[in-house]
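User: I would like to learn how to read a structure made of several chains. Could we go through one together?

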Amino acid sequence: MTQINKELKTKSGNSNSGLFGKDFLLTWGKSMENLETILSVAEDLKMLRDRNISPRCFDSGLAISQFRDNSTRTRFSFASAANLLGLTVQDLDEGKSQIAHGETVRETSAMISFLSDIIGIRDDMYLGAGNTYMREVGAALDEAYADGVLPQRPGIINLQCDIDHPTQSMADLLHLKTVFGSLENLKGKKIAMTWAYSPSYGKPLSVPQGIIGLMTRFGMQVDLAYPEGYDLIPEVVELAGKQAAECGGQFRTVNSMEEAFAGADIVYPKSWAPFHVMERRTGLLRKNDYDGLKSLEKECLSNNARYKNWECTEDKMKLTRDGKALYLHCLPADISGVSCLEGEVAATVFERYRIPLYKQAGFKPYIIAAMMLTNRFEDPARVLRNVEHRGRERVI
Amino acid sequence: MTQINKELKTKSGNSNSGLFGKDFLLTWGKSMENLETILSVAEDLKMLRDRNISPRCFDSGLAISQFRDNSTRTRFSFASAANLLGLTVQDLDEGKSQIAHGETVRETSAMISFLSDIIGIRDDMYLGAGNTYMREVGAALDEAYADGVLPQRPGIINLQCDIDHPTQSMADLLHLKTVFGSLENLKGKKIAMTWAYSPSYGKPLSVPQGIIGLMTRFGMQVDLAYPEGYDLIPEVVELAGKQAAECGGQFRTVNSMEEAFAGADIVYPKSWAPFHVMERRTGLLRKNDYDGLKSLEKECLSNNARYKNWECTEDKMKLTRDGKALYLHCLPADISGVSCLEGEVAATVFERYRIPLYKQAGFKPYIIAAMMLTNRFEDPARVLRNVEHRGRERVI
Amino acid sequence: MTQINKELKTKSGNSNSGLFGKDFLLTWGKSMENLETILSVAEDLKMLRDRNISPRCFDSGLAISQFRDNSTRTRFSFASAANLLGLTVQDLDEGKSQIAHGETVRETSAMISFLSDIIGIRDDMYLGAGNTYMREVGAALDEAYADGVLPQRPGIINLQCDIDHPTQSMADLLHLKTVFGSLENLKGKKIAMTWAYSPSYGKPLSVPQGIIGLMTRFGMQVDLAYPEGYDLIPEVVELAGKQAAECGGQFRTVNSMEEAFAGADIVYPKSWAPFHVMERRTGLLRKNDYDGLKSLEKECLSNNARYKNWECTEDKMKLTRDGKALYLHCLPADISGVSCLEGEVAATVFERYRIPLYKQAGFKPYIIAAMMLTNRFEDPARVLRNVEHRGRERVI
């Protein structure tokens, strides 16, 4: 059994402005203090639950989820987080709604929000659309609240968009904090965020973008590696460079997995589709051009196939610091010989890091719960102290 | 921020017979006192929640929903209402059930109800079927309760049928009460329930029927207007006439939008399919005659197209009292130039009334919660006083 | 109204080892004492709820359901049970998840379980697969818990597999205990578990197998009857024989419905597909061989048609003890002239036993709740006493 730390980490001194009443759309839209608050609230919620203390702070209320793409772990993480705090998930299933009837985002956003506290949205299919959609929903909610239509302004949590995947990258960060002992200890560490071969195409850019957009703020040396042509959204790459410069870290782009792995403390090999492919794909999706999509897929897969050597093998792992870099993945990974013939990672490498990877995934419900809690409460530390003091058992 | 009225409106003197343990299927099946109780309980629930007092009165229990047609706002309203009172929604999804295997209504009704408190049903596709189905479910529940199969008789709430849409019309009525200050003030007011052009066909009759079946009881002058041939179910029209006569109001049918709008205090322009078309459509749906449905649609749309001038324009609004009638719609509306090329209402008219319309929609969760509460509790006023006195915070 | 017995039946003396922290996959994997505990906990939970005492013992927590086949009553029973105890159902819908992407059972099982208490699985489509799948999930959970990935090991409840249907057979047993007064009174009673004609094919074997696997343990005379060729899984039949011998009962297989009915106290006529057909069907399903499935269905239906006289008619009922055997069915039944032209049971027989059948079905939510409670609590009697003493009203 894990030993349980019994001290609440979140301090009231931590200002919650930037989180309270503010949507969580991009990690780089939040201050360092905000990010640290999310981490400590997540740790505290986990600690309370592990001690069988229920951190429930809603007697009723809805947490709406809208998944415009398939999801297992984020869906369950969102459901777990809502449930832990006392909110009930209500899924907005566009197939079962009247949204197809030409209803506007402005109207739907108000209609689902009369008694809602949180809205979680996954929208990662269309480049240029996902984050924009979340902002449109946010603007609609602002307006409806200002107009007196809504009694409160529900908070939006980005459950993955075309630009960022903050619940993933923050769970990854909490994992790194846990493994390396503190955020402070991440300074100077080298992380290799690298493309890897996959037999599927069209994987979103949000994970690599989320990683370089977050890790460059902690004084790390961030290497982004990909085969020529597999670029990310240029603005995010530019931002990563700026942030690294401001935060005492480094950021560079290389075209070699080996170069990125060399001396790395952490490696994150993960497939994605090139930015310009996602742009073309978005255009074809919008036109429902299935033939075009088919031929784009074919073209991309044959292009991908030129880079099958971009696999996280045992040999490549030997290039990392003492051959023991921490391997990360957002899961599910394309594991060579397990879930596919040739994929992102060798089976032995994956298996060696499987347990830490699963623990990494286990932080996500708490990260989402922390985003919910900091959005709804001005002083999260006070709320945590109160529920701890209340001492209500989660299980009697 | 809205100023909060802190006095409970529901009085124990209000008899709850007619509501307690009785299904809510048609507003005209309820006494005036019943309707007033629904409104005041809804207002009280809203007031309590706005004061952060949780009106939760179930520690556990299921509220079953069965949607035989797509729905956004009613689905979310039902979920919000159930959640507010402490019930958990369980959706009866016929596609995922064994109902397709020829299971009888009598059997299914019992099987889903062992631990259920409320059943909400939307069934508006087949003329002559929706309300009948609800009554069949009700009879099955009566029988199962009498037989000792069920420990209690769950209450049924009509979430829209082929005849009435009581959660909508009651939310509309609460909106009118709020805007005009009291039910008393509605006396003598003129309301125009009129057909309007839409580029889609087959819209249900339940909204116009619900409106004329409810508003004729409050001493209003109700004008029902539609192009020749767009009749409603004759029995409901007859009932509206009778009620108006009994309640000191007026009811007439006209074939001109302008005539109905003239001097109106309230206008409700909304498309629907003619009664006889719905009858034919029901026959075709039952036979899965897709070609027949296609050709019926074509015929109807071309007929509709003859009445594009039945649009709620600025010019028509000028005909109303001081040009300032309150515009109502159950939403989503077909807004010309916004959600369609030519539709039910001009964009400027809709936009001017958008905020009140959204507020109108915001009453629906509370109306449904009031229907639930009055169905389950003999003395709703006592329950409301108790939860107020208990003072449990909805959000800590 | 039912008279309410106010005494808790579950005693702390009842050892809960075998249930606490152990999956409920097969009734024959549980001791007699375990089965009696499930029954008494179910009765106590029903009694408490009937007295309006909420047995809620979770302040939050998830009960995951995974239905790989359609379900109404088991789905609602699971939802009701979870809700009664304070758990929230989260459905694992494989169509909406990333499981299709080749994710392993090991990984998915961990990913959905971070904050989960219970996992209910229905998987009855593939012979040799359903129970195996549950064990794979169980092994994955064991491993994830041992590895520190999960803070606790969620319990699995078999909601029907290819081998057993324990929530059904235990609900049937509680029904028999209620009707005959005690488990003791079942000794020497004759039960006829017999095949019956149905115009559909491919019905699972889990119900007849579950019945012979359970009822042979209570000193009953169990007759299994079917037309030649309609065998069950041989291992289960063998087990039934062994159990009967050990428990002072009798078990035999006959090829005549009349022979099984002769002098029976209880009859359970129910269609199923022959074991070897289910094997062929499984092979075809795995290959997505729709033509093969079609022709297998045709072949089987024509074979079934040779046994239309295997119907539970009034005449056959007359063969039973005093012509008054208790008729059982897991529902929905194929009722001749009601849900099909010719089926498993005559309409008059079914109708005469309809109310007891529905009551039988009404035990299922409580059986499932008892499985949940005994899985999570070492001393269920103490929990029941505590919630009784707490006296929290289910409905205020």
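User: By what turn and shift can chain C be laid on chain A?

Analyst: First, this is a predicted model, in which local features need pLDDT of at least 70, side-chain atom pairs count only at pLDDT 80 or more, and totals for chains, interfaces and linings use all residues. Residues are numbered from 1 along each chain as its sequence is written, while chains are lettered from A and ligands numbered from 1 in the order in which they are written. Copies are superposed by least squares on the C-alpha atoms of residues with pLDDT of at least 70 in both. Here a turn of 120° and a shift of 0.0 Å along the axis lay chain C on chain A with an RMSD of 0.0 Å. The two copies are thus related as by a three-fold rotation axis, and in chain C the C-alpha nearest the axis, 4.8 Å from it, belongs to T88(C).

User: What is the order of the strands in the open sheet of chain A?

Analyst: Strands of a sheet pair through backbone hydrogen bonds, either parallel or antiparallel. Strands here are DSSP runs (E, at least two residues; helices are H or I, at least four), numbered from the N terminus, and two strands pair if DSSP finds at least two bridges between them. In chain A the order is β2-β1-β3-β4, with parallel pairing. Because β2 (88-91) and β4 (155-161) of chain A each have a single partner strand, one side of each is left without a neighbour in the sheet.

User: How many bridges join β3(A) and β4(A)?

Analyst: Strand β3 (residues 116-123) of chain A pairs with β4(A) over five bridges, in the parallel sense, and I118(A) stands opposite G155(A) in β4(A).
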